[in-house]
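These are my notebook entries on a structure that I am opening here. I set down what I looked up, entry by entry.

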Amino acid sequence: MALTKEELTLLADKAYQARRDVVDITGWSGGAHIGGGLSVVDMLIILYYKYMKVDPKNPDWEDRDRLILSKGHAGVAYAPVLARKGYFDFELLKGFNKFKSPFGMHLDGNKVRGVDASTGSLGHGLPIAVGMALGARLQKKSWRTYCILGDGECNEGSVWEAAMAAAHFKLTNLVTFVDRNKLMIDGATEEIMNLEPFADKWKAFGFIVKEIDGHDFNALADAIEYAHAEKSGPVLILANTAKGKGVEFMENQVKWHYGGLDSELLESARNSLDKAYGRV
Amino acid sequence: MAEGLSWTVYDADTLTQAEIYGQVLCDLGKMRPDIVGLSADLAKSTKIGKFQDHFPDRFFNVGIAEQNLFGVAAGLAKSGLLPFVSTMAAFTAMRAAEQVRTDICYQNLNVKIIATHGGASFGQAGTTHHCTEDIAIMRSFANMTVIVPADGIETANAVKQCVDWPGPVYIRIGRGFEPRYYDNEEYGFRIGKAVELAPGTDITLICCGITVFHAMEAAKILKENDGLSVRVLNMHTIKPLDTEAVLKAVTETRRVIVFEEHNRIGGLGSAVAEVIADNGKGCAFKRVGIPDCYCEVGYPEDLYTHYKLDADGILETVREVMNMDFEEDEDWEDEV
Amino acid sequence: MATERELMASRIFLRAVLPVIRVLLEDDPKIKKRFENVKADVQFVARDPAGDVGACLVFDNGSFTVVQGVVEKPDIAFVFGSVASMNAMFAGKPALPRIRGIFKVGLLIKVMTILLALKILMPNARPKDPAQKRLKVKMTFYMITTAMSQYNKGGDPEMAEWTGKQPERIYQITVDDEIAAYLRVKAGKTKAGRGTFTKRRPFIHLKFNGVEGAMPVVLNDVDMITAIREGYLSIEGSPEYGRDFGDFMMRIQNLIT
């Protein structure tokens, strides 16, 4: 179902806010995974503002939908989204990376409200998500599990072990995304460890694959609703994205996987976002 | 004056001091055609990337797949090559623990592992990327040699010597921004032999890794301010441990404190305690490290302060053990 | 009424910039000679309803000190209508103080030459002569370390938070055997020093490749990363704290230019 004009405006506003937050946090924290944080924002926004049944006042609510950010290093994007959604005070993020903060590169699920699993070590998220989905089904619960992976992360064998299991157990209450920004630390994914034909691999492992533009809210909406409706097996949403999306000097740049920003680049990044969202 | 310093993961290449060992590896690579390098999408972060630049055909990046990484390393070693594998300590010692033990140690293969970001040196990344258990895990694998160098120069020495050292070797280093202790490589580094950095008779500090630098700072202050004669041992090789140096310290100074960027359980402290107990000796003894917990998030320098592994913390611990008071330098006027 | 920002800027000028006149007096042979036999008090003061702000340069036959505050009977006094206009003068912008003692022409001329010489600290001053380059580098680093300490002592909240949480740490800048300066930080307290701090190894060490390595960085011709890559400078220590150090330096620079 197509999104209404109001919904699109809301989502765009939230996405703009989230991207501004990512840039700001990168500034005061001394450095963050800004590239991969910016590429995953739109997926997080549409999930938290349209599809996920959650209650920020009640993060342990039994029947909530779960999100596992398997690409845990995008914590710099996830944390502000949770904060703005009402899980905790945004001001706490000023301590990002600082001593004793619950917020570092990888969010600590023991300490941060709203985080369903402590990820960071790649390849751990999907297996955990599979376990959650199985648990939901066994207990006849209707809540869903969403899992967002990085594409480089799919080098990890444990991802494919979990994929096999998800298909084997026909986990239709699990919706899996891959943030396909095509870059990792040492270079492009296709140069370091070739993933293509990527969609075919997921299909071979038993998933139905929906390949879309990961920054298009309408496409995301269609894909998610398709996943909700599909009864034959798990769905993979292959979201094509740009690492560093929204900040011109970072887009599709390998080196901005992780970095720090001084006052001047911070301003440049903010201006770039303002321009991208027509806020000049 | 220059800008505030904006940097990305690629600039880390230029900034760190870990490049010393990268260069050594290249020099070795020229002399030994059987040396090959491997990493798991961390070639640039671990400095083995320098080897890759010089010998691209002899370098294998398996992508983010550590279990595969060590399995492949084992295979390469079996085919007659000398693999140097580099990835983060957490993934080496835990994610691929079984491959390291069963494929490499059990089959006693000549694989040299350079594990980076050991201890809490990747502070901001949080527990998933810390490794305060690796010394404990690695020394429990038979056939494994475990080295924790004090700085980039010592790492270079360790890399050079492990080429001819038989069997698997685990060299654990930090993130590359650690303070440099040594001025050059000519101080008589030998695998398995502790280096006595300061002679002393009142108390011995046995250290490895970054605590070496900080202990020497503390020892200097203790000597000048408190008149204490402090012995500092750089115990870079945890396995095989230099038991002779430990026993000498026990009998000659009767007080031993061990400092390490590792859980108090199972690391250097435990190794030293084992020697003391095995030999039926008694002495004032303390192990200082991460107190059996998962470290906080924070910049590593702040974590070292918090867990009392920096000079100030070491000073405090020594003074406590020696029951002493001290005077602070309270001159805070700017020099004009 | 002067604003917080104006008061901080004046603090930097009076307590960090003026004192480096000593370097000119010691290292520049012409200026040294000119002031050999000068015995005079030269006051700079800005009128402000909350209390006058100023400092006095005390020349005493070759020796030199800066006394903060206002002295009784200065030989010359530059009196500004506001803190902002005094700051403007120190920043090299036009400002018209009233000058008391204006008839002491000889002394006045000498003082003006010193003030002009201070312009070597400005970002657009590009000396070609090696001795002048040396002066600029030395004065800049002495000034900036003192400025950082004063920024902290002046109570800038972000700086205070930054120094407040740190155990004893030394931030050292070294250019060569002769030119070095440091900032000692501990639990909210700071001390700027000239030369190399010997009681402890530095926590952050900016090592410049001599005056030639320092100049491009001081002039802002290259950013730090490029400077490191080109071999002008190497930085040892935590990049996060190094960045903070650099960022505060940048902020102070922006405050006084």
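Entry 1, a helix and its neighbours. The model is predicted. I began with the buried residues of H14 in chain B and looked up what they pack against: strand S8 (203–207), helix H10 (210–226), strand S11 (255–263) and helix H13 (300–306) of chain B. I then listed these buried residues of H14(B) by name: B:Ala311, B:Asp312, B:Gly313, B:Ile314, B:Leu315 and B:Val318.

I next checked the length of helix H14 (residues 311–322) of chain B. Its 12 residues, at 1.5 Å a residue, should span 16 Å, because the expected span is 1.5 Å times one less than the number of residues. The end C-alpha atoms of H14(B) lie 16 Å apart, which agrees. Just after H14(B), I noted that B:Asn323 takes a positive phi of about 60°.

Entry 2, the domains of chain B. I found chain B divided into domain 1 (12–172) and domain 2 (195–322). Taken over C-alpha atoms, the centres of these two domains of chain B are separated by 26 Å. How many residues does each domain give to the contact? I recorded 23 residues from domain 1 of chain B and 25 residues from domain 2 of chain B.

On the side of domain 1 of chain B that touches domain 2 of chain B, helix H8 (134–139) and strand S5 (145–147) of chain B each supply at least two residues. By class, I entered that side of domain 1 of chain B as 9 nonpolar, 10 polar and 4 charged residues.

Entry 3, chain A against chain B. I looked up the contact between these chains and found 36 residues of chain A in contact with 32 residues of chain B. Which element gives the largest share of the side of chain A that touches chain B? It is helix H9 (residues 263–276) of chain A, with 3 residues. I noted that the residues on this side of chain A divide into 12 nonpolar, 15 polar and 9 charged.

Entry 4, two helices of chain C. I looked up helix H6 (residues 130–153) of chain C and helix H10 (residues 239–256) of chain C, which pack at an angle of about 90° with their axes 10 Å apart. H6(C) and H10(C) are therefore roughly perpendicular to each other, as angles of 65 to 115 degrees count as such.

Which residues meet in H6(C) and H10(C)? I listed C:Ile144, C:Ala147, C:Met148 and C:Tyr151 in H6(C), which meet C:Phe248, C:Met249 and C:Ile252 in H10(C). By class, I recorded 7 nonpolar, no polar and no charged residues in the contact of H6(C) with H10(C).

Definitions and conventions:
Residues are numbered from 1 along each chain as its sequence is written. Chains are lettered from A and ligands numbered from 1 in the order in which they are written. This is a predicted model: local features need pLDDT of at least 70, side-chain atom pairs count only at pLDDT 80 or more; totals for chains, interfaces and linings use all residues. Axes are lines fitted to C-alpha atoms, for helices over the stretch in contact, and angles run from 0 to 180 degrees between N-to-C directions. Angles under 35 degrees count as roughly parallel, over 145 as roughly antiparallel, 65 to 115 as roughly perpendicular and the rest as oblique. Two residues are in contact if their C-beta atoms, placed from the backbone, lie within 7 Å. Ala, Val, Leu, Ile, Met, Phe, Trp, Tyr, Cys and Pro count as nonpolar, Asp, Glu, Lys and Arg as charged, and the others, Gly among them, as polar. A residue is buried if 20 or more other C-beta atoms lie within 10 Å of its own, exposed if 12 or fewer, and partly exposed in between; C-beta atoms are placed from the backbone. Domain bounds come from an automatic or database domain assignment.
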